[in-house]
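Reader: Hi! Could we go through this structure together, one piece at a time?
Author: Happy to, let's have a look.

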Amino acid sequence: SDAVYPWAMKNIRPHKRIPEPEKETALYWHIPKSGGTTAKSFYRCLGKRINIQSHEADIQRSEGRGLISSGQVDIIFSSNPRYAIERLYDPMHRTSVLTMFRHPVDRLISEFYYRQVASWELSFQPEWADMDILEWAKSHNSDNN
C-alpha cells in the first residue's frame with residue numbers, strides 16, 4: 001500500500017470490486033489526442049450525463065456545488081485527474097478511473113497536425129503548418145516523452 005497515494009486510497013474504488021455505475025460517478029482521465037473525444041461521444045450515445053472538469057477553478061466550483069454527491073452527472077472527464085479526485089470525491093463517493101492510452105509518438109504526431117488546423121482551440125498554432133515535424137519535435141514540443 002506504500003505505492004498508492006493517500007488521496008487514491010481514500011477516493012478511488014478498489015479495482016478488485018465490481019463497478020456499481022448506479023452508485024458511483026466514474027472519472028475518465030483525458031489524455032489529449034488519445035481518444036477522449038471518441039469516449040465522450042460514446043458515453044453521450046449511451047445517454048450518460050457528462051461533465052468536463054480540467055481547470056482547477058472549474059473543479060473548485062464543482063466541489064463547492066457538491067457535484068458528485070448530487071448525482072447530476074454519470075462521468076467526469078478530466079485531464080487533471082489527481083486534482084479532480086482529491087477535490088470532487090470522498091470516501092462516501094468513491095470513483096473508478098478510466099482512460100485510453102495511445103502510443104506517445106503517434107499522439108504527438110496527431111497533436112502536431114491537429115493544432116495546425118484547429119482554429120476553434122485555444123492551442124491553435126497556424127504557424128506550425130509551414131514547419132517540418134522534426135523541427136517541431138526539437139524546438140516546439142513541450143511534452144516530456
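**Helices and rings**

Author: In this predicted model, helix 3 (residues 56-65) and helix 5 (residues 81-88) have axes that come within 9 Å and cross at roughly 15°.

Reader: How do helix 3 and helix 5 lie to each other, roughly parallel or roughly perpendicular?
Author: Angles under 35 degrees count as roughly parallel, so helix 3 and helix 5 are roughly parallel to each other. The crossing of helix 3 past helix 5 is right-handed.

Reader: Cool! Which residues meet there?
Author: From helix 3 you have E56, I59, Q60, S62 and E63, and they meet Y83, A84, R87 and L88 of helix 5. Sorted by class, that contact has 4 nonpolar, 2 polar and 3 charged residues.

Reader: New topic: how many aromatic pairs are there?
Author: The structure holds 9 aromatic pairs. One of them joins Y114 and W120 edge-to-face, with 6.1 Å centre to centre and 75° between the planes.

Reader: Is W120 buried or exposed?
Author: W120 is exposed, because its relative accessible area is 60% and the cut-off for exposed is over 50%. Its partner Y114 counts as partly exposed at 24%.

Reader: And what about W128 and W136?
Author: W128 and W136 also form an edge-to-face pair, 5.4 Å centre to centre and 65° between the planes. Here W128 counts as buried at 5% relative accessibility, and W136 counts as buried at 3%.

Reader: Last one: which residues do ring pairs link into a cluster?
Author: That cluster is made of Y28, F42, Y43 and F77, linked by ring pairs.

Methods: Residues are numbered from 1 along each chain as its sequence is written. This is a predicted model: local features need pLDDT of at least 70, side-chain atom pairs count only at pLDDT 80 or more; totals for chains, interfaces and linings use all residues. Side-chain values use heavy atoms; hydrogens and water are left out. Axes are lines fitted to C-alpha atoms, for helices over the stretch in contact, and angles run from 0 to 180 degrees between N-to-C directions. Helices (H or I, at least four residues) and strands (E, at least two) are DSSP runs, numbered from the N terminus. Angles under 35 degrees count as roughly parallel, over 145 as roughly antiparallel, 65 to 115 as roughly perpendicular and the rest as oblique. A crossing is left-handed if the near helix is turned anticlockwise from the far one by less than a right angle, and right-handed if clockwise. Contact means heavy atoms within 4.5 Å. Ala, Val, Leu, Ile, Met, Phe, Trp, Tyr, Cys and Pro count as nonpolar, Asp, Glu, Lys and Arg as charged, and the others, Gly among them, as polar. Rings of Phe, Tyr and Trp (its six-membered ring) pair if their centres lie within 6.5 Å; planes under 30 degrees apart count as stacked, over 60 as edge-to-face and the rest as tilted. Buried means under 20% relative accessible area, exposed over 50%, partly exposed in between (1.4 Å probe, protein chains only).
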